[in-house]
Every structure is written in C-alpha cells, then in structure tokens.
Amino acid sequence: MIKISPSILACDLSELASEVSRAESARADWLHLDVMDGMFVPNISFGPGLIASIRDRSKLVFDTHLMIVDPLRYIDDFYRAGSDIITIHYESCNNQQAVLEYIRSLGLRAGISIKPATPAFVLEPLLDYIDLALVMSVEPGFGGQSFMPETLDSVRVLAQMIKERGLNIEIEIDGGITPDNIAEAARAGITVAVAGSAVFRAPDIAAAIGALRENAGNTEIPADD
Ligand code: DX5
Ligand code: ZN
C-alpha cells in the first residue's frame, strides 16, 4: 500500500494546527515538512521552530525534507523539533554518508533526495545508510509545479537496485503528484507519495487522499525485465 505524505507547504499556514489535524483526520500516513533555506533553493519556507510547534498536535510520522546547504549543521535542531525521518539532498553537501550515519545515530530514519537532473546511480554507494530515497519530480523550491514524468526513470533504477540488494528502503516521489499521475509512479516502484496542492488545495482533503491512495493501488505489479 502506497503511503501518502501531504506537504504543509500548500496548506493555510495561518491555520497550521487545524490544517495538520485535517490531514490526520483524513488518514494521511505521514506529514511532509519542506525546509528551504534560500540558498540550496531560491525560496525560504520554515525551520525547526515551526515543526516543534506542531509536534504535540500530531501523531503522524514527521517526514522532514531538508533543502538546505550543509545540512549537518542543523540535524540536531530538526531532531529536537520532533522529526521522525530526516531527508537531506545529495547535491547539498560532500559528506552525505557521515550526515546519514549521524541521523541514524539519533534513532531517526535517514533519507537522501536527488533533484530531477541527478542520476539515480549516484545513490548506489549510499544504499546501506538510508531508509528512504526521495526522487524529486519537480525542481525543488516551490509547490504547485507540474510533474516531470521522466523522473520516473530514477524511481525504476532505484527500485531495481534496492531489489537486487535485498534492502528495505522506501522510495518517495515529491512534486506535482495528483490522482492522475500517481498510478504511473506506483507502477515505477514508489512506496510513498508526497502531495501538497493535490491535498491541501482540494475542497475535500479526505476525498483527495482517498483518490490518491485508490489510484495508486489500482495498478498492476510491474513485471520483471
Ligand atoms: C518542492 C517540495 C514539494 C512540494 C510538493 O520543493 O519539496 O514537497 O511542496 O508540492 P506539490 O504537490 O504542490 O507539487
Ligand atoms: Zn518535499
């Protein structure tokens, strides 16, 4: 079953606590938290203070996506804020393995993300150090962009590498996911889908999450090739 991780980037931040409750009542699996520093990406979103402010309001898995330069500087802060998963960007530092090992040493799940133009094979040496691989299906920085279908090639490559190595690693896709394209992503091998606009801008959040989940499940198991 594919998990749905709504991104609060698309919610009404003036009503943050109730937006999080709405997502939880609508049976979201995780909550996706997009942290942007204005350096790694050309946008600034929010930091650990905002995440800490909603930690006590929700039992959802806090799925923190760090789009920041040199993320090791802030892992402690996002740990203390209540993250369950911390995902860093492959392109954001040179010490990826050390950062991933540090995240795990805190008892958290560690993830690594690639931008659309970064080939998936760069993650091969890091597979033993991750619990999650995040494939960006838009250029990181903004919600509400259109899904780039060519990024599903990276999902396929990762799914194959993970299967060959017999590892248990979530494959998450992020950017432009809707009920219309989630089936294709599911067939490619994702296990988690982030959805910002498709959830928080929908008139009925529960229906939106239900449609994503249902369309993701209505897929054939990909054949081995
Ligand atoms: C983009 C973020 C995404 C984005 C998803 O940099 O990482 O999580 O908010 O939003 P939608 O689903 O609207 O593309
Ligand atoms: Zn994200």
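In which strand is S113 found? The residue belongs to strand 5, and its surroundings are taken up below, after the metal site. The model discussed here is a predicted one.

## The zinc site

Four residues of the protein supply donors to the zinc ion (ligand 2): H32 through NE2, D34 through OD, H65 through ND1 and D174 through OD. These donors lie 2.0 to 2.3 Å from the ion. The arrangement counts as octahedral because the 6 donor atoms around the zinc ion (ligand 2) subtend angles of 67 to 168 degrees. For reference, ideal angles are 90 or 180 degrees for six octahedral donors.

Along the sequence, the donor residues follow the spacing H-x1-D-x30-H-x108-D. Distant parts of the chain are linked by the pair D34 and H65, which are 31 residues apart. D34 is in strand 2 (residues 30-36), whereas H65 is in strand 3 (residues 61-67). D34 has a relative accessible area of 5% and is therefore buried, the limit being under 20%. H65 likewise counts as buried, at 0% relative accessibility.

## Buried residues in strands 3, 5 and 6

S113, in strand 5, counts as buried because its relative accessibility is 0%. Setting aside neighbours within four places in sequence, S113 is in contact with H65, T87, I88, H89, Y90, E91, L134 and M136. One of these contacts, H65, is also a protein donor of the zinc ion (ligand 2).

M136 lies in strand 6 and is buried, with a relative accessible area of 3%. Beyond its neighbours within four places in sequence, M136 contacts H65, H89, S113, I114, K115, P116, T151 and D174. Among them, H65 and D174 both provide donors to the zinc ion (ligand 2). The C-alpha atoms of M136 and R22 are separated by 25 Å, and the two residues are 114 residues apart along the chain.

T64 is placed in strand 3 and has a relative accessible area of 0%, so this residue is buried. When residues up to four places away in sequence are not counted, T64 touches L33, V35, I51, F78, S83, I85, I86 and T87.

## Helix 5 and the loop that follows

Helix 5 covers residues 152-165 and has 14 residues. From its first C-alpha to its last, helix 5 reaches 20 Å, close to the 20 Å expected at 1.5 Å a residue. Its buried residues are L152, S154, V155, L158, M161 and I162. Those residues pack against strand 5 (109-114), strand 6 (132-136), strand 7 (170-174) and helix 6 (182-188).

Just after helix 5, G166 takes a positive phi of about 65 degrees. N168 has its place in the loop between helix 5 and strand 7. Is N168 buried or exposed? N168 is exposed, since its relative accessible area of 74% is over 50%. Along the chain N168 and D204 are 36 residues apart, and their C-alpha atoms are separated by 33 Å.

## The second largest pocket

The second largest pocket holds about 360 Å³ of space. It is lined by 28 residues, of which F142, G143, G144, G196 and S197 are the closest to its centre. Strand 2, strand 3, strand 8 (192-195) and helix 7 (197-200) are the elements that give two or more residues to this lining. Two of the elements named, strand 2 and strand 3, also hold the zinc donors D34 and H65 respectively.

## Positive phi outside glycine

Most residues other than glycine have a negative phi. R27 has a positive phi, near 70 degrees. The residue is placed in the loop between helix 1 (16-25) and strand 2, and at 61% relative accessibility R27 counts as exposed.

D70 also has a positive phi, near 50 degrees. D70 is found in the loop between strand 3 and helix 3 (75-80). With a relative accessible area of 32%, D70 is partly exposed.

How values were computed:
Residues are numbered from 1 along each chain as its sequence is written. Chains are lettered from A and ligands numbered from 1 in the order in which they are written. This is a predicted model: local features need pLDDT of at least 70, side-chain atom pairs count only at pLDDT 80 or more; totals for chains, interfaces and linings use all residues. Side-chain values use heavy atoms; hydrogens and water are left out. Helices (H or I, at least four residues) and strands (E, at least two) are DSSP runs, numbered from the N terminus. The expected span of a helix is 1.5 Å times one less than its number of residues. Buried means under 20% relative accessible area, exposed over 50%, partly exposed in between (1.4 Å probe, protein chains only). Contact means heavy atoms within 4.5 Å. Donors are N, O and S atoms within 2.8 Å of the metal (3.2 Å for Na, K and Ca); water is not among the atoms, so sites may look incomplete. Four donors count as tetrahedral if all angles lie between 85 and 135 degrees; four count as square planar and six as octahedral if opposite donors are over 155 degrees apart and all others between 65 and 115; anything else is irregular. On a 1 Å grid over the protein atoms alone, a cavity is a set of points where a 1.4 Å probe fits but cannot get out, and a pocket is an open set with protein on both sides within 12 Å along at least five of seven lines; lining residues have an atom within 4 Å of a point. Grid points are joined across faces, edges and corners, and a volume is the space filled by probe spheres set on the points.
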